[in-house]
Amino acid sequence: MYAVEIALAAAAAVLVVCYRILRIGSRENGLPPGPATSPVFGNLLQIPTKDAYRRFTVWAKDFGDIYSLKVGPGTIVVLSSPAAIKEVLDKQSAYTSDRPPMALADLVIDGWSLFLCRYSDRWRQLRKAAQNLLAPTTVKQYLPLQEAESTQLQFDILVSPDKFYAHLNRFSNSFVLAIIFGKRSPRIETPSAKAISAVIVRWDEFLGPGATPPVDIFPILQWIPERFAPWIKEAREIRRLQTAMYSELMDECQQRTDAGDGNFFMADVIRDQQTHGMTKDQMRHLAGAIYEAGSSTGSCFLQGLVLLLATYPEVQAKAHAEIDRVIGEARSPVYDDTESLPYVRALIQEAHRFRTLVPLSLAHRATRDVHYNGYLIPEGATLFGNIHAVFHDPELFDDPETFNPDRFLLTQHGTKPGVDDSNLRSTLIFGTGRRICPGMHLASVSAILATMKMLWAFEFRPPLDPATGQAIKLDIHANHGAVAFCPIPFKCDIRCRSPARAEVIRNAFKVDAASTLSAFEYNLSKEDQEWLESVRAG
Ligand code: HEM
């Protein structure tokens with residue numbers, strides 16, 4: 001009899017445990033609606049590891065501007081309208097500015113990456129230091145260097161148009177490297193720049209969805225023995241490579257600072273080490289994170305822009321016409337021309353809308369219960385501001401799948417005339433609340449300079465099929481990258497618009513840009529030096 005009671009109690013206990021396990025992944029009461037869940041996994045298996053933002057936007061159509069996804073025991077809340085994003089991520093940013101924990105990423109950066117850092121005193125410390133580099137007033141000082149680097153961009157594309165994709169990488173990386181570490185990379189083959197890019201690609205892949213097991217959702221996965229967990233080996237290797245390359249750059253900065261040289265960010269950070277209260281390792285992380293966040297975003301945007309220009313010749317023709325009318329052929333555009341080129345500005349806004357660079361922004365995390373429209377966003381929930389869904393909402397934008405810069409000439413945010421756009425802001429592409437991109441001023445200047453100069457100089461066409469002579473259709477939606485939406489390398493038929501323009505570019509690169517650029521040509525390789533001497537003398 002006694003044995004039967006024990007057996008019944010054990011069976012009941014097993015049932016309760018099974019019930020509890022199977023309840024994992026179910027949507028709790030009060031959460032916003034969302035797609036049906038499966039036991040244990042919730043919606044985890046429905047979230048694609050590639051281009052998840054597309055599925056997120058489809059779900060926004062099905063479930064509205066706030067919906068939830070269950071990933072195991074965790075909750076994701078996706079906000080897909082300007083009002084929801086403003087209310088939750090901007091206005092309540094005191095409670096929605098954390099980042100989700102990333103145990104595996106921390107094996108690489110020890111929690112010291114500005115863009116992945118938890119909302120904490122550490123983040124405030126990093127952000128304050130970054131502000132010194134990226135505040136609008138400081139950014140103005142970089143204008144001569146940005147002008148000169150974009151002149152080199154014109155020169156590089158003129159000389160080897162087939163390598164335009166790599167030239168855009170160099171342009172973006174070199175400039176950010178120069179303002180942080182006081183050292184530019186003059187060629188796409190510059191050895192240090194190549195090494196840094198390779199590590200950044202590896203790190204980006206490591207952070208990509210599906211690249212590593214979801215240990216933050218199912219902590220039990222952390223106990224997988226290291227010999228069966230290649231991702232741990234990869235984390236250690238990335239950490240080793242990052243440490244080696246940033247330490248080398250930091251050591252150079254230290255030597256220059258000691259020698260009284262150093263009109264660049266890391267020199268200031270080293271000089272003010274006491275004020276910033278950071279160790280050498282932490283300074284290295286600060287510099288590395290800003291470099292990683294700032295270099296590839298710029299090139300991804302410009303590569304996407306070239307893709308769009310080649311695909312939409314009628315848009316390109318309008319931009320050319322405006323530039324020709326305002327600037328003419330005798331000189332290349334400069335930053336001060338921006339105000340006189342409304343169509344080019346609209347083109348940049350539309351490129352950001354159409355190919356939203358960071359479609360889901362970066363994940364935020366709620367640090368306390370937050371409410372929106374009667375729904376609960378529980379403490380600990382991961383939050384995504386689905387910028388892509390906003391920019392592709394047919395209620396807001398006329399024919400959103402058409403690339404049409406004119407919409408930004410019609411209304412401030414490109415929305416349909418008469419639509420309430422009071423919750424939109426032009427900086428939405430740069431994220432939200434206290435975590436908004438600190439590099440946005442720098443990025444905006446780089447984008448307009450490079451766009452004006454490329455349009456003035458070149459015509460971009462789809463590549464020709466060597467066998468048929470016919471234009472090859474470009475895929476404007478093919479992309480790679482874990483966070484930023486970057487076009488997969490593609491070919492483009494690029495031609496200088498006239499011999500007179502080619503001459504202006506050559507002179508500007510050899511004469512005007514040389515003195516500005518050479519101030520950042522530090523400790524160059526022999527090959528880099530020889531190349532610079534030959535192109536400047538030539
Ligand atoms: C077109 C270019 C760029 C775009 C579209 C962009 C977009 C973004 C977005 C969406 C975020 C996430 C904001 C959030 O969590 O709500 C972000 C964060 C960040 N961006 Fe940018 N960015 C660009 C260029 C840059 C540049 C040039 C730099 C620096 C040189 C930079 C540095 C950062 C940093 C450090 C963060 C992390 C901020 C934090 O977590 O507090 N970005 N960016």
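The following dialogue examines how several features of this predicted model are named and identified.

User: How do you know how confident the predictor is in this model?

Analyst: The pLDDT scale runs from 0 to 100, and the protein has a mean pLDDT of 92. In addition, 99% of its residues reach 70 or more. For the complex, the predictor gives an ipTM of 0.99 and a pTM of 0.94.

User: What makes strand 1 and strand 3 edge strands?

Analyst: The open sheet has 4 strands in the order 1-2-6-3, with mixed pairing. Strand 1 (66–71) and strand 3 (364–365) each pair on one side only, and they are the edge strands of the sheet.

User: Why are strand 3 and strand 6 said to pair?

Analyst: Pairing requires at least two bridges between the strands. Strand 3 and strand 6 (residues 382–385) are joined by 2 bridges, so the requirement is met. The two strands run antiparallel, and His364 has Leu383 in strand 6 as its bridge partner.

User: Which helices pack on the sheet, and which strands do they touch?

Analyst: Helix 2 (residues 52–63) touches strand 1, strand 2 (74–79) and strand 6. Its direction makes about 125 degrees with that of strand 1. Helix 3 (residues 82–91) touches strand 2, strand 3 and strand 6, and its direction makes about 140 degrees with that of strand 6.

User: How do you know where helix 14 and helix 15 meet?

Analyst: Contact requires heavy atoms within 4.5 Å. Val315, Lys318, Ala319, Glu322 and Ile323 in helix 14 meet Pro342, Tyr343, Val344 and Leu347 in helix 15. By class, this contact has 7 nonpolar, no polar and 2 charged residues. The axes of helix 14 (residues 313–326) and helix 15 (residues 342–354) come within 8 Å and cross at roughly 145 degrees.

User: Why is an enclosed space called a cavity and an open one a pocket?

Analyst: In a cavity, a 1.4 Å probe fits but cannot get out, whereas a pocket is an open set of points; the names therefore differ. The structure holds 2 cavities of 30 Å³ or more. The largest cavity has a volume of about 60 Å³, and the second largest cavity holds about 40 Å³ of space.

User: What makes up the lining of the largest cavity?

Analyst: A lining residue has an atom within 4 Å of a point of the space. For the largest cavity, these residues are Ile109, Gln242, Tyr246, Arg284, His285, Gly288, Ala289 and Glu292. Helix 10 (230–258) and helix 13 (280–311) each supply at least two of them, and helix 13 gives the largest share, 5 residues. By class, the lining has 3 nonpolar, 3 polar and 2 charged residues.

User: What lines the second largest cavity?

Analyst: The second largest cavity is lined by Cys300, Phe301, Gly304, Leu305, Leu308, Ala351, Arg355 and Leu357. Here, too, helix 13 supplies the largest share, 5 residues. The lining divides into 6 nonpolar, 1 polar and 1 charged. Gly counts as polar, so Gly304 belongs to the polar class.

User: Which residues and helices line the second largest pocket?

Analyst: The second largest pocket, with about 370 Å³ of space, is lined by 22 residues. Gln141, Tyr142, Asn263, Phe264 and Phe265 lie nearest its centre. Helix 5 (121–134), helix 7 (143–159) and helix 11 (265–271) each supply at least two lining residues, and helix 11 gives the most, with 3 residues. The lining residues of this pocket comprise 10 nonpolar, 8 polar and 4 charged.

Technical notes
Residues are numbered from 1 along each chain as its sequence is written. This is a predicted model: local features need pLDDT of at least 70, side-chain atom pairs count only at pLDDT 80 or more; totals for chains, interfaces and linings use all residues. Side-chain values use heavy atoms; hydrogens and water are left out. On a 1 Å grid over the protein atoms alone, a cavity is a set of points where a 1.4 Å probe fits but cannot get out, and a pocket is an open set with protein on both sides within 12 Å along at least five of seven lines; lining residues have an atom within 4 Å of a point. Grid points are joined across faces, edges and corners, and a volume is the space filled by probe spheres set on the points. Axes are lines fitted to C-alpha atoms, for helices over the stretch in contact, and angles run from 0 to 180 degrees between N-to-C directions.
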